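Me: Please take one helix of this model and look at it closely, from its two ends to the parts that it packs against.

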Amino acid sequence: MKKRAFLFLATATVLLAVACSPKHSLVPVIGAPIRDEAALDRIRLRINQEGIKTSVSNTGLVKVADEYTARRMRTILICEDLIPTNIDPWAIFNKERWTITDFERNVNLQRTQKDMITAHIKAIDDVDDTNVTIVFPKREPFRYDQNPVTASVIITPRPGSDITTNRKKIKGIQKLLKIAIEGLQNENIVITDRSGVMLNDFTGMAAIERKLIQQQEAKFEADVLRELRSTFSPDRIRDLNVTIDNDIFNLTQGERDPNNDRITVSVNIDGTWKWNFDEKGKPVILPDGSIEREYTPVLPEQLRAATLLVQNAIGYNAARGDSVTVHNIPFDRTAEFKREDFIICELPNIKRQIQMTVIILSGLPLLLISFIIFRRIAGHAIVTNTKNP
């Protein structure tokens, strides 16, 4: 009896301890509810792509397991423009607004803000370490005397990272700084690597990026041509145009990011032309001296097959907005047909005329010799008759 009572008491104690123990609290990624269902789906999908489980509260708060994970996901969402525009920037960080005046009143808050920004930048997978410096100038009585807020960030990339040459990633850090620091402008942000090379000088980076885009476009064009020429003859493929959207292009160590490139391809394919022949097997010649020809357009099922070939060549992805258009457009082959008409219709006549001329010219020497001989014979006969009247 005592044993049963002891077991009952022990079980009750355990259950009571479990019931009274604090539950593990989830951390909001964004300190404001997401009421737009489409935006909420995009946010959860992007977080899930990182292998992170999410929970959404009844009010629309997206939550993850811990603060570090929330910070990392928050940084990704900011850098990739996935946070709805109607969300208060200060609510993103789950913090109250920090203004220049606030920091003048309390230096500890300035240190807190710097630590928060540093932690968010370190949460980026490409960053091994960072040093953040924020300068809040003294408040001046007149606006034109007021110096701007400035920020400098020194980044140590993780081994193998492309962040020092990836325009989108650097812009993401710049965007993070602007959201976190009120009054900070792009021209007052300096992001460098450990050697002091400025990374947010997007003028030079844009030229490099454009060259890489052009190289990628040329590669796609070659791949598309190779696929189409396996089915259609090379002279039937015309007006091929491959465009990668420059605004959302993201190159990683010479390779495109398959989730961010939007690729547009358009190409025209000619049908086939054939000569018409008469019952004797000779080309039918029209009154104007040209060959009679008949055009056969590309069949709809062939166009569909060509479209699939192009899509495979570029790694088509409808979700990112890729577009492939394949048309059947008869090409202007006037010059080509004139050459053929000349060879078939006019050239034989010219050859016959040349042959007749050659024959005539080759007979002239014989005629001349015959004429000379005739003159000599005739002259001899005249002389003979004169001597013998």
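Reply: What follows is a close look at helix 2 and its surroundings. This is a predicted model, in which local features need pLDDT of at least 70 and side-chain atom pairs count only at pLDDT 80 or more, while totals for chains, interfaces and linings use all residues. Residues are numbered from 1 along each chain as its sequence is written, and side-chain values use heavy atoms, without hydrogens and water.

Helix 2, a DSSP run of H or I with at least four residues, spans residues 37-49 and reaches 18 Å from its first C-alpha to its last, close to the 18 Å expected at 1.5 Å a residue, where the expectation is 1.5 Å times one less than the number of residues. At its start, a side-chain oxygen of Asp-36 comes to within 3.0 Å of the backbone nitrogen of Ala-38, and the helix is followed by Gly-51, whose phi is positive, near 80°.

Ala-39, Leu-40, Ile-43, Arg-46 and Ile-47 are buried (under 20% relative accessible area with a 1.4 Å probe, protein chains only; exposed means over 50%, and partly exposed lies in between). They lie on the same side of helix 2 because they cover an arc of only 135° around the axis, taken from the directions from the helix axis to the C-beta atoms. The face turned away from this buried side carries the exposed residues Glu-37 and Leu-45.

The buried residues pack against strand 2 (55-56), strand 3 (62-64) and helix 3 (67-79), with contact meaning heavy atoms within 4.5 Å. Strand 2 and strand 3 pair in the antiparallel sense over two bridges, pairing being assigned if DSSP finds at least two.

Key
A polar contact is a pair of N or O atoms within 3.5 Å; within protein, one must be able to donate a hydrogen and the other to accept it, and residues adjacent in sequence count only if both atoms are side-chain atoms.
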